[in-house]
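Student: Before we discuss any labels, could you show me the sequence and the structure, so that I can ask how each term is justified?

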Amino acid sequence: MMLQHCVTCRTAQFHPRPICATCGSGDLVEVEAIGSGTVDSFTIVHHAEEPYVLARVRLTEGPIVLTHLIGIPAPYCDQPVRLVPGSDPQVFTE
């Protein structure tokens with residue numbers, strides 16, 4: 001998972017943008033995310049063939065991503081999670 005890193009204010013952002021959402025600088029570089037974070041909030045979607053967990057995950061670098069959690073029978077807020085390598089779209093697990 002790639003993040004944009006602002007050289008000027010040293011913040012990370014996700015999804016890519018032409019300028020930094022924090023300081024407005026255009027001096028952005030792409031960096032590989034560490035691949036870890038914590039569950040900020042979640043909901044279990046039951047209106048599907050098979051229920052799934054939709055979650056906001058705060059990455060270690062700071063940005064929040066909307067994603068699915070897999071392989072977690074009882075998710076909870078502040079739970080540490082990690083990116084499933086090679087997943088597209090990105091999903092997280094314990």
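Tutor: Let us begin with one pair in this predicted model: the side chains of D40 and R56 meet in a salt bridge, at 2.3 Å from N to O.

Student: Why is the contact between D40 and R56 called a salt bridge?

Tutor: The term asks for a side-chain nitrogen of Lys or Arg within 4 Å of a carboxyl oxygen of Asp or Glu. R56 and D40 have an N to O distance of 2.3 Å, and because the cut-off is 4 Å, the pair qualifies.

Student: What makes this pair a link between parts that are apart in sequence?

Tutor: D40 belongs to strand β4 (residues 36–45) and R56 to strand β5 (residues 52–59), so the salt bridge ties together parts that are 16 residues apart in sequence. The structure holds one salt bridge.

Student: Why is D40 described as partly exposed?

Tutor: Its relative accessible area is 29%, and since buried means under 20% and exposed means over 50%, that value falls in between. R56 follows by the same reasoning, because its relative accessibility of 36% also lies between those two limits.

Student: How many positive and negative side chains does the protein have?

Tutor: There are 5 positive and 10 negative side chains, and the centres of the two sets lie 9 Å apart.

Student: What makes β2 and β3 edge strands?

Tutor: The open sheet has three strands in the order β2-β1-β3, with antiparallel pairing. Within that sheet, β2 (12–13) and β3 (28–32) each pair on one side only, and they are therefore its edge strands.

Student: How do you know that β1 and β2 count as paired?

Tutor: Pairing requires at least two bridges between the strands, and two bridges join β1 (residues 2–6) to β2, so the requirement is met, with the strands running antiparallel. In this pairing, H5 stands opposite A12 in β2.

Student: Which elements make up the protein as a whole?

Tutor: It has zero helices and eight strands, and the pattern along the sequence is accordingly β-β-β-β-β-β-β-β.

Student: What share of the residues counts as buried?

Tutor: Of the 94 residues, 33% count as buried, where the label applies to a relative accessible area under 20%. The accessible surface of the protein comes to about 5,900 Å², with 55% of it belonging to carbon and sulfur atoms.

Note on methods. Residues numbered from 1 in each chain as written. Predicted model: local features only at pLDDT ≥ 70, side-chain atom pairs only at ≥ 80, totals over all residues. Heavy atoms only, no water. Helix = DSSP H or I, 4+ residues; strand = E, 2+ residues; numbered from the N terminus. Buried < 20%, exposed > 50% of the residue type's maximum accessible area, 1.4 Å probe, protein only. Areas by Shrake-Rupley, 256 points an atom, 1.4 Å probe, with all protein chains shown as cover. Lys, Arg positive; Asp, Glu negative; His and termini not counted. Charge placed at Lys NZ, Arg CZ, Asp CG, Glu CD.
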